[in-house]
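Thanks for coming. I will go through a few side-chain pairs and a couple of helix packings, and then stop.

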Amino acid sequence: MRSIALLASIGLALSATSALAADTWEDTLAKARGQTVYWNAWGGDDRTNAFIAWVGEETEKRYGVSVEQVKLSDTAEAVTRVLAEKAAGKTEGGSVDLIWINGPNFLSMKENGLLHGPFVEGLPNARYLDLSPASAASVDFTVPVEGLESPWRLAKFVFNYDSARVSEPPRSMPALLDWAKANPGRFTHPQVSNFMGATFLKQALVELTPDASVLQQPATDENFEAATAPLWAWYDALRPNLWQQGQTYPESPAIQQRLLNDAEIDFTMSFDPASAAAAIAEGDLPETVRTYTTDIGAIGNISFVAIPFNAANREGAEVVANFLLEPETQARAQDITVLGSFSVLDETKLSDEQKALFTALPTSEALPTNEELGKTLLEPHASWMTRLTEEWARRYTN
């Protein structure tokens, strides 16, 4: 019996080895050829749609993999479809091959076992990523990615300022307070009920809190008060020096940009590092506007793609995910005349020739370089944003 068990064990080991041996990238490329990848992605932006179409043209040309974008108004549509297929016992041949996904939708698919993988480390171009545990490419709104989704584009919190009126912008939250005291009424932020206003508070919290690692855990009655005490002390001093003494706030970043354009204030903020350069090119901002981040870095938000567990064209989806990480692809995405999305790649892992792809891009004095954007800071757990905005409203709107 022991001999039989040993043989069975050896057989299983050989079988596993064979399976691993069969799962090389060359095998993936061979299986992917001829597949059509149904990429479910938000379809509300023409430039993004055009970029996805270009991706399909390139993967068809290079790997024989075509891409069909399924334009979504809400990513949850695709998640619900995969969930329904699992409930119906459809474990293969699913209708969704690739999803542009983030945050709660990723968490939902992960918790419900709806994802293929881990697959990211098997992508040849993953060598250009920083996949250390604390990297922004390894965590999606505090949820560990664990190889179940692959990054493809980066958004990052930045300040824009008019260099005609501000020669040295403040590069920390304490420095911002000093600047506001010296220049009362020249700084403001969007209402905190707006995403950008809340993000400004989160950026300040990450810098001012005694231990930023606490923010990666859910906010509780116990940790919230200690973590936010420095923020409120700082904001109490800042508020009287804001535009209109902090009694009112711009409804949105667009209104804040109009105030900058009218020289009522000197700063705006954005989650798109290319937004000021694009606005200048369109004549919507003065040519003297510049973009920067604070010295500690800035909150970043990486967009990911994931593959459902029952994807009909899994290999093709992996080829597309890998193509999105090509330095040439990332450089094209970063071109402000194409998409203007900053690269998710770790610049230190690129060759000089690959770095040159980015330095050769169309430039604008308002467009920061990858190096100037600095460190990407992790988003706090989603519960912090809820409690922050509630506490801000309680303190400052009554």
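**Salt bridges and helix contacts**

Let me start with one pair: Asp266 and Arg165 form a salt bridge through their side chains, at 2.5 Å from N to O. Bear in mind throughout that this is a predicted model.

Where do these two residues lie? Asp266 sits in the loop between α9 (253-261) and β8 (267-270), and Arg165 in the loop between β7 (158-162) and α6 (173-182), so the pair ties together parts that are 101 residues apart in sequence. Asp266 is buried, at 4% relative accessible area. Arg165, on the other hand, is partly exposed, at 34%.

Arg165 has another partner. Its side chain also meets that of Asp162 in a salt bridge, with 3.1 Å from N to O. Asp162 is buried, with a relative accessible area of 3%. Put the pieces together and you get a network of salt bridges that links Asp162, Arg165, Arg186 and Asp266. For context, searching the whole structure gives 14 salt bridges.

One more of these sits within a helix. The side chains of Glu58 and Lys61 meet in a salt bridge, again with an N to O distance of 3.1 Å. Why might such a pair be able to meet? Both belong to helix α3 (residues 46-63), and being 3 residues apart there, Glu58 and Lys61 are separated by about one helical turn. In general, an α-helix has 3.6 residues a turn, so residues three or four places apart point the same way. Is each partner buried or exposed? Glu58 counts as buried because its relative accessibility is 11%, and the cut-off for buried is under 20%. Lys61 counts as exposed because its relative accessibility is 63%, and the cut-off for exposed is over 50%.

Now the helix packing. Helix α2 (residues 25-32) packs with helix α11 (residues 314-324) at an angle of about 115 degrees, and the axes are 8 Å apart. That makes the two helices roughly perpendicular, because the class runs from 65 to 115 degrees. Their crossing is left-handed.

Which residues make the contact? From α2 they are Trp25, Thr28, Leu29, Lys31 and Ala32, and from α11 they are Glu315, Gly316, Glu318, Val319 and Asn322. Sorted by class, this contact of α2 with α11 has 4 nonpolar, 3 polar and 3 charged residues.

Staying with α11, how many of its residues are buried? The count is 10 of 11, so this helix is mostly covered. The buried residues of α11 include Glu315, Gly316, Glu318, Val319 and Asn322, which also appear in the contact with α2. Others on the buried list are Ala317, Val320, Ala321, Phe323 and Leu324.

The other packing is between helix α12 (residues 327-334) and helix α13 (residues 352-359). Here the angle is about 15 degrees and the axes are 9 Å apart. The two helices are therefore roughly parallel to each other, and the crossing is right-handed.

In this contact, α12 supplies Pro327, Glu328, Gln330, Ala331 and Gln334, while α13 supplies Gln354, Leu357 and Phe358. By class, the contact of α12 with α13 has 4 nonpolar residues, 3 polar and 1 charged.

To close, the two points to keep are these. The network of salt bridges links Asp162, Arg165, Arg186 and Asp266. Helix α11, which packs with α2, is mostly covered.

Technical notes
Residues numbered from 1 in each chain as written. Predicted model: local features only at pLDDT ≥ 70, side-chain atom pairs only at ≥ 80, totals over all residues. Heavy atoms only, no water. Axes fitted to C-alpha atoms, helices over the stretch in contact; angles between N-to-C directions. Helix = DSSP H or I, 4+ residues; strand = E, 2+ residues; numbered from the N terminus. Parallel < 35°, antiparallel > 145°, perpendicular 65-115°, else oblique. Left-handed = near helix turned anticlockwise from the far one by under 90°. Contact = heavy atoms within 4.5 Å. Nonpolar A, V, L, I, M, F, W, Y, C, P; charged D, E, K, R; others polar. Salt bridge = Lys/Arg side-chain N within 4 Å of Asp/Glu carboxyl O. Buried < 20%, exposed > 50% of the residue type's maximum accessible area, 1.4 Å probe, protein only.
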